[in-house]
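Let's take a friendly walk through this structure, starting with one residue and its neighbours and then widening the view. Keep the viewer open as you read.

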Amino acid sequence: MQAVFIYVLNLSLRACPMIAVVLLVRLALRRAPQRYACVLWSVVWFRLIFPFGFKRALPGIGETSVPQDIGSMAAPQIATGITPLDAAVNAALPAATPAASVNPIQLWLAAVSWVWIAGVLALLLYSLVSLLTLKSRLDDAAGADGVYTLGGFSEPFVLGLFRPHIYLPEDLAGEERSAILLHERAHIRRGDPLIKAAFWIACCAHWFNPLVWLAFALLCRDMEMACDEAALARFDGSNADYAQALLRLSAGKPSARVPLAFAENSVKARVKNALRFKKPAVWVTAVCAAAVLLTGCALLSDRQETTPATTDAEQTQTAEVAAEPAAVGTGELIWPVRSGDKTDSGDVSSVLIARAFSSYHKGVDLACTTGTPIYAADTGVVTYVGDETAGYWKYIVIDHGNGLQTVYAHNSENLVAVGDVVEKGERIALVGCTGNVTGPHVHFEVRTEGSETDTFACLPSDNAPDGYETARAWQKAEAESESEQAEQK
């Protein structure tokens, strides 16, 4: 349950800036045909449901703002890409308590997950009950060919997903009936009932996000206007006649307002739109289509992320130094950062283990002040110095011989070059906040024969940073939990 909630939460966080972008584009195209806004809302729906998209090397909110293992992290952190938000939330998140059977944040997650699922079930139940209640009132409807009239209703609506029917008030006749039929048939022709139902399901899953509800409300409004425009393009009367029909139907009491039915809404805005509607020029259509296409492609793209696990660049640089004599280390590593060290600006740094090695996180994150010196954990040869545009950004790989390598990532400055022989304890970089991070720290990783290994097991307990015992206790509990799950399978 918690894993599903975190999955949905990440999708919701990622969708927030996308909704903001659509709002801005929608504002810029407010005089354009409304069908283009509907296309953009469909893209937002896609990103609310699916976690994947095209890859791009641009900054932005990543795919995982809240780690799946946040409940078992020694120092829980999120990474939305919005620094003030990350700092505020991370400061409020409780640290792990090894002496307890569960961490505080695990209890929070469990409670919030149950509240979330209760909200989802309540909305789905409301949808079902309101739909069945409406359908029970349609027994007296009379008509044929998918168009029915009935008493007791003051507004027309469309009901049904795969074979939708149109329901009209019994007093609707003449030119008004013709105008409204054109509107409702436009809904069916465009597939609006299915689109609205799909977005409603997304709202149920993301009920805690007010921006999703705003997107749904604006989608419904834009759909109505788009169908008004489609109807006006075929209507024999004037725009004023069509607007008059909308006004008359809005005077009655709403009688079919359920999530899965199309009824009249946003009448004031629709009347204004109808009165000023005219068929757009070809160049306007072309400009709007291009703007929507570019925006849609941008919203469907994800930031290209890289990991430091033996990239092509590493292999190339490693090959360049392979012929040189290897500097074999002692095999006994030291911690790459030290509490009490001064930065170049004179600040005294304290070091905290923010995240331990696990099946989810291949390394140890050591939180400290930007500019804190980073030292080589053992004697070796620098085989890679990276300056990437994503992932770990500036990082260093050192080969210590006998198949042992260490990685130092998210640096603000790398102080060595490929091929340099470094001694244990030699300064090689400065702590930074580059790449996908929540704050300044060094990601330290140990590899054996090119594969990640338990970094903690390779480091001494002497002179360990703050949080060492907490992180080790958490790691032990995590290993036991994974072992129990494996045995159950």
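A good place to begin is F5: setting aside residues within four places of it in sequence, F5 touches V112, S113, W116 and F208. Bear in mind that this is a predicted model, and that contact here stands for heavy atoms within 4.5 Å. F5 itself sits in helix α1. Of its partners, W116 makes a nice example of how the fold brings sequence-distant residues together: F5 and W116 are 111 residues apart in sequence, yet their C-alpha atoms are 7.4 Å apart in space. Is F5 buried or exposed? Its relative accessible area is 7%, and because the cut-off for buried is under 20%, F5 counts as buried.

With that residue in mind, step back to the whole chain. The chain has 12 helices and 18 strands, and buried residues account for 46% of its 489 residues. Among contacts with a separation of 6 or more, 68% are between residues 24 or more positions apart. The pair of F5 and W116, 111 residues apart in sequence, shows such a separation on a single example. As for the surface, the chain exposes about 23100 Å², and carbon and sulfur atoms supply 59% of that area.

Next, follow helix α1 to the interior space it helps to line. How many cavities of 30 Å³ or more does the count give? The count comes to 1. The largest cavity holds about 80 Å³ of space. Its lining is made of V25, R26, L29, R30, A32, P33, Q34, Y36, A37, L40 and V292. Two elements, α1 (2-28) and α2 (35-49), each give two or more residues to that lining. The most comes from α2, with 3 residues. If you sort the lining by class, you find 8 nonpolar, 1 polar and 2 charged residues. The charged residues in the lining are R26 and R30, and the polar one is Q34.

Now turn to some helices further along. I188 is in helix α5, which covers residues 174-190. Apart from neighbours within four places in sequence, I188 is in contact with V158, P164 and I166. Another residue to compare by position is F162, which is 26 residues from I188 in sequence and 9.4 Å from it, C-alpha to C-alpha. What about its exposure? I188 has a relative accessible area of 29%, and since partly exposed covers the range between 20% and 50%, I188 belongs there.

Helix α6 offers a simple geometric check. How far apart should the ends of a helix of 14 residues be? At 1.5 Å a residue, α6 (residues 192-205) should span 20 Å, and its end C-alpha atoms are indeed 20 Å apart, so the model agrees with the expectation. The expected span uses one less than the number of residues, which is why the 14 residues of the helix are not simply multiplied by 1.5 Å. Its buried residues are D192, P193, K196, A197, F199, W200, A202, C203 and C204. As a reading aid, an α-helix has 3.6 residues a turn, so residues three or four places apart point the same way.

Helix α8 (residues 239-250) holds L246. At 3% relative accessibility, L246 counts as buried. L246 and V271 are 25 residues apart in sequence, with their C-alpha atoms 6.9 Å apart.

The strands are the last stop. D365 is in strand β9 (residues 364-367). Although its side chain belongs to the charged class, D365 is buried, with a relative accessible area of 7%. Its C-alpha lies 9.9 Å from that of Y408, which is 43 residues away in sequence.

Finally, look at two loop residues with an unexpected backbone angle. N402 lies in the loop between β12 (394-401) and β13 (404-409), and it has a positive phi of about 55° although it is not a glycine. H410, in the loop between β13 and β14 (411-414), also has a positive phi, of about 70°, and is not a glycine either. Where do the two stand in terms of exposure? N402 is exposed, with a relative accessible area of 72%, whereas H410 counts as buried at 3%.

Terms used: Residues are numbered from 1 along each chain as its sequence is written. Side-chain values use heavy atoms; hydrogens and water are left out. Helices (H or I, at least four residues) and strands (E, at least two) are DSSP runs, numbered from the N terminus. Buried means under 20% relative accessible area, exposed over 50%, partly exposed in between (1.4 Å probe, protein chains only). On a 1 Å grid over the protein atoms alone, a cavity is a set of points where a 1.4 Å probe fits but cannot get out, and a pocket is an open set with protein on both sides within 12 Å along at least five of seven lines; lining residues have an atom within 4 Å of a point. Grid points are joined across faces, edges and corners, and a volume is the space filled by probe spheres set on the points. Accessible areas come from the Shrake-Rupley method with a 1.4 Å probe; for residues, only the protein chains shown count as cover.
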